[in-house]
Amino acid sequence: MPAEALTEGRLRKVARVVLLDPENRILLLHGHEPDDPGDDWWFTPGGGLEGDETREQAALRELAEETGITDVELGPVLWRRTCSFPFAGRRWDQDEWYYLARTAQTATEATALTELEQRSVAGARWWTCQELTRAHETVYPTRLAELFRRLLDEGPPAGPVTLDTEIV
């Protein structure tokens with residue numbers, strides 16, 4: 001699908017969380033195709049907005065549902081990304097906003113996964129920047145290691161950075 005086909009009216013609004021612990025590790029979820037655990041990747045917690053909730057509300061709700069972590073300080077939007085990818089037999093076109101958040105709570109427990117998430121999320125892991133940089137696994141967004149390093153070195157950007165459109 002060409003990038004211009006991803007029009008605002010068709011995009012699923014998504015809030016994602018770049019969650020850092022006191023050791024500046026980032027929390028990523030391990031996902032896979034529901035019927036093929038070998039087709040896997042790592043991604044930040046988050047998901048689509050429900051009803052009339054704001055992106056901030058969606059970010060906090062999704063984080064709680066997917067990780068059980070509720071004691072967070074939600075910060076600014078770091079990045080925005082438009083993406084399109086196949087998953088579970090359909091194509092998902094999304095407008096994603098990535099919020100910075102910090103927590104002292106490092107134990108995770110998925111408390112309210114949807115049926116699809118139960119079949120496609122295999123767990124969570126805290127990653128150091130060095131581990132993420134050296135990883136051979138697929139990670140989304142694809143430049144996350146570089147973006148994470150810049151965040152740790154320079155702090156949050158003055159305003160949201162628009163990432164390249166990713167079409168998988």
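**Notebook: aromatic rings and the charges over them**

I looked up W42 and W127 and found that W42 is buried, as is W127. I note here that the model is predicted.

Next I checked how the two rings meet. W42 and W127 form an aromatic pair, with 5.1 Å centre to centre and 80° between the planes. I logged the pair as edge-to-face, because planes over 60 degrees apart count that way.

I then placed this pair on the strands. W42 belongs to strand β3, residues 36-43, and W127 to strand β7, residues 121-127. The pair therefore ties together parts that lie 85 residues apart in sequence.

I turned to F87 and W92. Their ring centres are 6.2 Å apart and their planes stand at 55°, so I entered the pair as tilted. F87 has 12% relative accessibility and counts as buried. W92 has a relative accessible area of 13% and is buried; the cut-off I applied is under 20%.

I asked which residues the ring pairs link into a cluster with W92. They are W41 and F87.

For the tally, I have 4 aromatic pairs in the structure, among them W42 with W127 and F87 with W92.

Last, I looked for charges over rings. The charged end of R90 sits over the ring of W92, 3.7 Å from its centre. W92 thus appears in my notes with R90 over its ring and as a member of the cluster with W41 and F87. I also recorded R55, whose charged end sits over the ring of W97 at 4.1 Å from the ring centre.

Definitions and conventions: Residues are numbered from 1 along each chain as its sequence is written. This is a predicted model: local features need pLDDT of at least 70, side-chain atom pairs count only at pLDDT 80 or more; totals for chains, interfaces and linings use all residues. Side-chain values use heavy atoms; hydrogens and water are left out. Rings of Phe, Tyr and Trp (its six-membered ring) pair if their centres lie within 6.5 Å; planes under 30 degrees apart count as stacked, over 60 as edge-to-face and the rest as tilted. Helices (H or I, at least four residues) and strands (E, at least two) are DSSP runs, numbered from the N terminus. Buried means under 20% relative accessible area, exposed over 50%, partly exposed in between (1.4 Å probe, protein chains only). A charge sits over a ring if NZ of Lys or CZ of Arg is within 6 Å of the ring centre and within 35 degrees of the ring normal.
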